[in-house]
Amino acid sequence: MASAIARGWADSEGGPEAMLFCDAGSGRAAALAARTGGEAVDSLAELARASDAVILAMKPGAVETAAEMLGGEAKAIVSVLGATSVARLRELFGTVPVVRTMPTIAVEIRRGVICHAPLGPSDGAVGAELLELFDEISHLVEVPDELMDAATAIMGCTPAYLAVIVQTLAEAGAEQGIEPDKAYDLVLESFTGTLDLLRRYDPIEVRRTVASPGGSTEAGLAALADAGAADAFRSAVAASLRRMRG
Ligand SMILES: NC(=O)c1ccc[n+]([C@@H]2O[C@H](COP(=O)([O-])OP(=O)(O)OC[C@H]3O[C@@H](n4cnc5c(N)ncnc54)[C@H](OP(=O)(O)O)[C@@H]3O)[C@@H](O)[C@H]2O)c1
């Protein structure tokens, strides 16, 4: 996720003036610095001392260790961590401004969605400035802190779910004899156009328009209902929430 955010900013006009990166030893920070024109540093404390804000993008289970390694040097915190409440972040980072966000991976191409918890009085102008930076690479939506996990389950995870749909339909086309690349292209372009239609018409109307009575789409939708497609998506959301809630 850090890589997606940094790449999005590197390709935008209004990203941060400079970016520093740190990892836990894999070398990914140096690779990302080379890709984005930033700089890799050796320790989180060094990174925090030289930065106006620190973006936390480790697994949620590693946040406590990272907080210790930052050593109270961070001037402001942005978290992209799943299932980590604002209260928990304030517990770890004290009185510095804290912004809790949940981005989609499409921030890399500046077409992400980012949910964020409301800023508190102590987050002030810095919090607002940080959100402006994220606005460069995403569509921002404020969500109450207690609903951030639910929002994550329907938007943070969605790129993976949509990827499953596109891949499955393309494979079904290839099984019927269409060249795989062509099948992928057909599904993807259909998908893209449908997304634009869904901005204009509600999903039921789109379905009704495509599925003429007694037609092939109606048969396909009936097969999807028989296979429990809607329930499968609800199960996916419930499973993600269970995982987030430990
Ligand atoms: N993946 C997504 O689509 C997505 C979407 C929204 C939110 N998120 C959130 O983003 C966070 C990261 O997810 P991810 O998929 O990007 O994980 P990831 O690929 O495992 O990346 C985590 C990075 O954190 C680094 N790290 C861990 N502990 C560190 C420490 N003490 N000091 C410095 N660096 C440290 C790791 O370094 P090494 O490279 O050395 O291991 C690694 O580069 C999670 O909290 C997740 O909830 C992810």
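Reader: Which residues come nearest to the ligand, and how do you know that they count as its neighbours?

Author: Happy to start there, with the note that this model is predicted. Asp23, Ala24, Ser26, Met58 and Gly82 come nearest, out of 23 residues around the ligand. A residue counts as near if its C-beta atom, placed from the backbone, lies within 6 Å of the molecule, so the 23 residues around the ligand are those that pass this cut-off.

Reader: What makes up the shell around the ligand by class?

Author: The shell has 15 nonpolar, five polar and three charged residues. Gly counts as polar and Asp as charged, so among the nearest residues Gly82 falls in the polar class and Asp23 in the charged one.

Reader: Which elements each supply at least two residues of that shell?

Author: Those are helix H4 (63–70) and strand E5 (98–103). H4 gives the most, with three residues.

Reader: E5 also belongs to a sheet. What is the strand order of that open sheet?

Author: The order is E3-E4-E5-E6-E7, five strands with mixed pairing. The twist from one strand to the next averages 30 degrees.

Reader: Why are strand E3 (54–56) and strand E7 (138–142) called edge strands?

Author: Each of them pairs on one side only, and pairing needs at least two DSSP bridges between two strands. E3 and E7 are therefore the edge strands of the sheet.

Reader: How do you know that E5 and strand E6 (residues 112–116) pair?

Author: The cut-off is at least two bridges. E5 and E6 have three bridges, in the antiparallel sense, so they pair. As one detail, proline 103 has isoleucine 114 in E6 as its bridge partner.

Reader: Which helices lie across these strands?

Author: Helix H6 (residues 124–135) lies across strand E4 (77–79), E5, E6 and E7, and runs at about 140 degrees to E7. Helix H7 (residues 148–156) lies across E5 and E6, at about 30 degrees to E5.

Reader: Stepping back, how many helices and strands are there, and what share of the residues is buried?

Author: The protein has twelve helices and seven strands. Buried residues are 23% of the 246 residues; each of them has 20 or more other C-beta atoms within 10 Å of its own.

Reader: What domains does the assignment give, and how far apart are their centres?

Author: The domain assignment gives domain 1 (2–145) and domain 2 (158–244). Their centres, taken over C-alpha atoms, are separated by 33 Å. The C-alpha atoms of the protein fill a box of roughly 65 × 35 × 30 Å along the principal axes.

Note on methods
Residues are numbered from 1 along each chain as its sequence is written. This is a predicted model: local features need pLDDT of at least 70, side-chain atom pairs count only at pLDDT 80 or more; totals for chains, interfaces and linings use all residues. Domain bounds come from an automatic or database domain assignment. Helices (H or I, at least four residues) and strands (E, at least two) are DSSP runs, numbered from the N terminus. A residue is buried if 20 or more other C-beta atoms lie within 10 Å of its own, exposed if 12 or fewer, and partly exposed in between; C-beta atoms are placed from the backbone. Axes are lines fitted to C-alpha atoms, for helices over the stretch in contact, and angles run from 0 to 180 degrees between N-to-C directions. Two residues are in contact if their C-beta atoms, placed from the backbone, lie within 7 Å.
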